[in-house]
Amino acid sequence: MTVTEPVRPEHAHETITCVVADDHPAVSELLGRYLSENEIVIRGTARDGRTAIALIEKHKPGIALVDLHMPHLGGIDVARHLNKTTPETAVILYTGFGDREQLLHALDAGVRGFIQKEAPVEEVLRAVRLVSENGIYIDPALASVLVSSEAAERLKTLTSRQREVLACIADGLTTDEVARTLFISPDTVRVHLRNAMDTLDADTRTHAVAKALRQSLIS
């Protein structure tokens, strides 16, 4: 999927807070230091899933950058737990794996981003910033594993305009920004979004985007 930064006013500047969880302390230290140097406030680091959950529930950061495999609870389990207790924290999965089923399970668990450990740290920063603005980030190297051979058939479940609206939302655009991008009114955007949510049986716009990505309805 496209990961271009959403349009935002020049004067807008909100502090992004983050908890980093990885069972390798050197990785947590590297990521924490780099993000801090780029104006991301690190609220803490953890080496296992339970400690990560405790830190996140205490500090309620905007972003949790979580390793896929950790002691006690892995990244997907952490995301599933936080989706119920701390939904204001968006989880980015930090992984060295690209298994399709794992990524689909992660989407269902509420994960908002996927970034490979082989990616440059600059890409991690890009993912954090995009997800903090309600976007969904998928590492380009991982995106191909989400492509389904049944994609063409599944495209019939949404109209082309509904797919365009969901794709814009996935890129982090607000309702007004989607309206300007597609040259339609904000009310029309809301109608398309509501209809897409009904079609996908989704409770929220984020859930709709996640389902559309899982079914390869948007890319």
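This passage describes the confidence of a predicted model, the surroundings of one helix, and the cysteines.

Across the protein chain of this predicted model, pLDDT averages 83, and 85% of the residues score at least 70. Two segments stay under 50: residues 1-12, for which the model has 30 contacts beyond four places in sequence, and residues 149-156, for which the model has nine such contacts. Where pLDDT is low, the predicted coordinates should not be read in detail.

Helix α2 spans residues 49-59, and its buried residues are Gly49, Ala52, Ile53, Leu55 and Ile56. Viewed down the axis of α2, these buried residues fall within an arc of 165°, so they line one face of the helix. The elements against which the buried residues of α2 pack are the strands β1 (16-21), β2 (40-46) and β3 (63-67), together with helix α3 (75-85). On the other side of α2, by contrast, Arg50 and Lys58 are exposed.

Both ends of α2 show local features of the backbone or its partners. At the N-terminal end, Asp48 acts as a cap, with a side-chain oxygen that lies 3.1 Å from the backbone nitrogen of Arg50, while just after the helix Lys60 adopts a positive phi of about 50°.

With regard to the cysteines, Cys18 has a relative accessibility of 0% and therefore counts as buried. Cys168 has a relative accessible area of 11%, and because this value is under 20%, Cys168 is likewise buried. When a disulfide is taken as a pair of cysteine sulfur atoms within 2.5 Å, the count for the model comes to zero.

Technical notes. Residues numbered from 1 in each chain as written. Predicted model: local features only at pLDDT ≥ 70, side-chain atom pairs only at ≥ 80, totals over all residues. Heavy atoms only, no water. Buried < 20%, exposed > 50% of the residue type's maximum accessible area, 1.4 Å probe, protein only. Helix = DSSP H or I, 4+ residues; strand = E, 2+ residues; numbered from the N terminus. Arc of directions from axis to C-beta. Contact = heavy atoms within 4.5 Å. Polar contact = N/O pair within 3.5 Å; in protein donor to acceptor, adjacent residues only side chain to side chain. pLDDT = per-residue confidence, 0-100.
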